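Here are a few exercises to work through with the model open beside you. Try each task before reading its solution.

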Amino acid sequence: MTSLSSFSPPPLTTSSSSTTQQRRSCVRRSFRGGACVSLSSVTVSCSTKEPKVVVTRERGKNGKLINALVRHGIDSLELPLIQHMHLPDLDRLTSLLSEATFDWIIITSPEAGKVFLDAWKAAGTPSVRVGVVGSGTASIFDEAVQSAKQYLDVAFAPSKATGKVLALELPRNGNDKCTVLYPASAKASTDIGIYSFCGVCKFSLEYRSTLSSFKLTYGSFISEEGLSGRGFEVTRLNTYTTAPVNHIDQYPLELALSAPVVAVASPSALRVWANLTASRQWDNAVACIGETTASAAKKLGFRNIYYPTSPGLEG
């Protein structure tokens, strides 16, 4: 893994104090080697040791990482920090896929991929060509490609798994007016490029009014760069957003704060963790899924930051 910091992570030690054991009995936890044990607000995968890694994705989406850690003999604790919520643009996505065609569909995260696939199926599985950022995002399409290969073509991934590199490398294929549909989180960065307001407004008067507020809010990002600077016509739809979970119980939080490593898969989860640790002297390691999340960690003031050069679970 590549470090963004000169600091080293704390050693992966464990604790087996009698106090901890008493606290475990209070929440009626049962440990079995290599098993995942569910509580009301936390899942632990461990033997009789304290967890070494905290996994923080939305509930139900940490299983692959937990299992991978188990295979390496690493105990983990599931502490979801964020939850996903659909936005009105999701309905527009289904309509656009049914009524219009695009040269490219750009997907930059696994969650965006899952949301897109649901809308694509609801639209009747039209023929689309997809560009993805990262192997984790690409893997979301594996099952769908096998069952509908003639309609779903995952045809491009950039040489480096970032939106900026995708914006530089996405092929134009000789089309003077190359159209891109970019369904994403409302919190996704603007690295992909500019949004062509004329191109989006043509679909409906209702959507034109939405874009007016979007332009006022994000006007500082409208400049000749990214895909639009290369002549692409980009339509962005904010199909979902992330928000902090409604509640985190104190005990699993204290357990998480004592773990040597916290694994995060998005800047949104990082921001929640930063808020939770703001009043504490927490300086353990942050393991990020990729460079984008690692850069966000650095901006938030974390120091012991690690990320794989190629985003994905194995990194």
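**Exercise 1. Pairing around E13**

In which sense do strand E12 (residues 261–264) and E13 pair, and over how many bridges? Then follow the chain on to E14.

Solution. Keep in mind that this is a predicted model.

Step 1: look at E12 beside E13; the two pair in the parallel sense, over 4 bridges. One point to check on screen is valine 264, whose bridge partner in E13 is cysteine 288.

Step 2: trace the connection. E12, helix H12 (residues 267–277) and E13 form a β-α-β unit that is right-handed.

Step 3: carry on along the chain. From E13 it passes through helix H13 (residues 291–299) to E14, again as a right-handed β-α-β crossover.

Step 4: inspect the pairing of E13 with strand E14 (residues 305–307); the strands run parallel and are joined by 2 bridges. Here alanine 287 has tyrosine 306 of E14 as its bridge partner.

**Exercise 2. The two faces of E13**

Are the side chains on the faces of strand E13 (residues 285–288) buried or exposed?

Solution. Step 1: recall that side chains in a regular strand alternate between the two faces of the sheet.

Step 2: sort the residues by face. Ala285 and Ala287 lie on one side, with Val286 and Cys288 on the other.

Step 3: apply the cut-off for buried, under 20% relative accessible area. Each of these residues is buried, and both faces of E13 are therefore covered.

**Exercise 3. Two helices that cross**

At roughly what angle do the axes of helix H11 (residues 250–258) and H12 cross?

Solution. Step 1: the axes come within 12 Å and cross at roughly 95 degrees.

Step 2: angles of 65 to 115 degrees count as roughly perpendicular, so H11 is roughly perpendicular to H12.

Step 3: find the residues that make the contact. H11 contributes Leu253, Ala256 and Leu257, while H12 contributes Trp273, Leu276 and Thr277.

**Exercise 4. The sheet of 6 strands**

Which strands stand at the edges of the open sheet, and why is one side of each left without a neighbour?

Solution. Step 1: write down the order, E6-E11-E10-E7-E8-E9, and note that the pairing is mixed.

Step 2: read off the edges. Strand E6 (82–86) and strand E9 (152–156) each have a single partner strand, so one side of each has no neighbour in the sheet.

Step 3: add the twist, which averages 30 degrees from one strand to the next.

Step 4: zoom in on E9. Strand E8 (residues 128–132) pairs with E9 in the parallel sense over 4 bridges, and valine 130 has valine 154 as its bridge partner in E9.

Definitions and conventions: Residues are numbered from 1 along each chain as its sequence is written. This is a predicted model: local features need pLDDT of at least 70, side-chain atom pairs count only at pLDDT 80 or more; totals for chains, interfaces and linings use all residues. Side-chain values use heavy atoms; hydrogens and water are left out. Buried means under 20% relative accessible area, exposed over 50%, partly exposed in between (1.4 Å probe, protein chains only). Two strands pair if DSSP finds at least two bridges between them. A crossover is right-handed if, with the strands pointing away from the viewer, the path from the first strand over the helix to the second runs clockwise. Axes are lines fitted to C-alpha atoms, for helices over the stretch in contact, and angles run from 0 to 180 degrees between N-to-C directions. Angles under 35 degrees count as roughly parallel, over 145 as roughly antiparallel, 65 to 115 as roughly perpendicular and the rest as oblique. Contact means heavy atoms within 4.5 Å.
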